[in-house]
Amino acid sequence: MSRSIWKGPFVDGYLLEKAEKARQSGRNEVIKTWSRRSTILPQFVGLTFGVYNGQKFIPVLVNENMVGHKFGEFSPTRTFHGHTAAGSADRKATRTDAKAGG
């Protein structure tokens with residue numbers, strides 16, 4: 001469910017301060033953040049944020065198309081390794097053994 005319009009977008013206060021400092025300094029350094037719930041604002045365009053996914057910081061270069069989305073959308077927390085044929089064959093063998101034994 002989305003946030004009501006009259007409240008406005010949610011952004012952690014410290015994140016706004018860090019973004020302003022990075023803009024004023026002119027250096028292109030990664031701004032580390034744990035706030036995956038914060039909304040990307042137009043002031044963040046052109047900056048690079050390191051969004052924490054529970055294990056490491058994923059660098060996210062913000063562009064115009066990302067405005068309005070959340071930082072967490074661009075830093076996945078789970079890694080999908082795909083389905084393997086060997087893995088499904090092992091599962092089938094386990095199921096048939098369980099039916100025969102029980």
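Two residues are said to be in contact when heavy atoms of theirs lie within 4.5 Å. In this predicted model, Val62 has such contacts with Ile40, Phe44, Val45, Gly46, Leu47, Phe49 and Phe71, residues up to four places away in sequence being left out.

## Overall arrangement

The chain contains 2 helices and 3 strands. Read from the N terminus, these elements follow the order α-β-β-β-α. Of the 102 residues of the chain, 26% count as buried. The accessible surface of the chain amounts to about 7700 Å², and carbon and sulfur atoms account for 55% of that surface. Among the contacts with a separation of 6 or more, 42% join residues that are 24 or more positions apart.

## The sheet

The 3 strands make up an open sheet in the order 1-2-3, with mixed pairing. Strand 1 (31-33) and strand 3 are the edge strands, since each of them pairs on one side only. On average, neighbouring strands of this sheet are turned by 30° against each other, direction ignored.

The mixed pairing can be followed strand by strand. Strand 1 and strand 2 run parallel and are joined by 3 bridges. Ile31 stands opposite Phe49, a residue of strand 2. Strand 2 (residues 48-52) and strand 3 run antiparallel, and 5 bridges join them. Thr48 has Leu61 in strand 3 as its bridge partner. Strand 2 and strand 3 also form a hairpin, with 4 residues between them. In the turn of this hairpin, Gly54 has a positive phi of about 100°.

Is strand 2 mostly covered or mostly exposed? Of the 5 residues in strand 2, 4 are buried, and the strand is therefore mostly covered, buried meaning under 20% relative accessible area. Helix 1 (residues 13-25) lies across strand 1 and strand 2, and the helix runs at about 170° to strand 1.

## The nonpolar core

The largest nonpolar core has 16 residues. Which of them touch the most other members? They are Leu15, Ile40, Phe44, Leu47, Phe49, Val62 and Phe71. Helix 1 and strand 2 each contribute at least two residues to this core. The largest share, 3 residues, comes from helix 1. The contacts of Val62 described at the beginning include several of these well-connected members, among them Ile40, Phe44 and Phe71.

## Val60 in strand 3

Val60 belongs to strand 3 (residues 57-61). Its relative accessibility is 4%, and because buried means under 20%, Val60 counts as buried. Apart from its neighbours within four places in sequence, Val60 is in contact with Leu47, Thr48, Phe49, Val51, Met66 and Phe74. The C-alpha atoms of Val60 and Phe71 are 8.3 Å apart, while the two residues are 11 residues apart along the chain.

## Salt bridges

The structure holds 2 salt bridges, which are set out below.

| Arginine | Acidic partner | N to O distance |
|---|---|---|
| Arg37 | Asp12 | 3.5 Å |
| Arg27 | Glu29 | 3.1 Å |

The pair of Arg37 and Asp12 links distant parts of the chain, 25 residues apart. Arg37 is in the loop between strand 1 and strand 2, and Asp12 is in the segment before helix 1.

Why does Arg37 count as exposed? Its relative accessibility is 54%, and the term exposed applies over 50%, so Arg37 falls in that class. Asp12, by contrast, has 14% relative accessibility and therefore counts as buried. This salt bridge thus joins an exposed residue, Arg37, to a buried one, Asp12.

In the other pair, Arg27 is exposed because its relative accessible area is 55%. Glu29 counts as partly exposed, with a relative accessibility of 45%.

Key: Residues numbered from 1 in each chain as written. Predicted model: local features only at pLDDT ≥ 70, side-chain atom pairs only at ≥ 80, totals over all residues. Heavy atoms only, no water. Buried < 20%, exposed > 50% of the residue type's maximum accessible area, 1.4 Å probe, protein only. Pairing = 2+ DSSP bridges. Axes fitted to C-alpha atoms, helices over the stretch in contact; angles between N-to-C directions. Salt bridge = Lys/Arg side-chain N within 4 Å of Asp/Glu carboxyl O. Core = buried A, V, L, I, M, F, W, Y, C linked by side-chain atoms within 4.5 Å. Areas by Shrake-Rupley, 256 points an atom, 1.4 Å probe, with all protein chains shown as cover.
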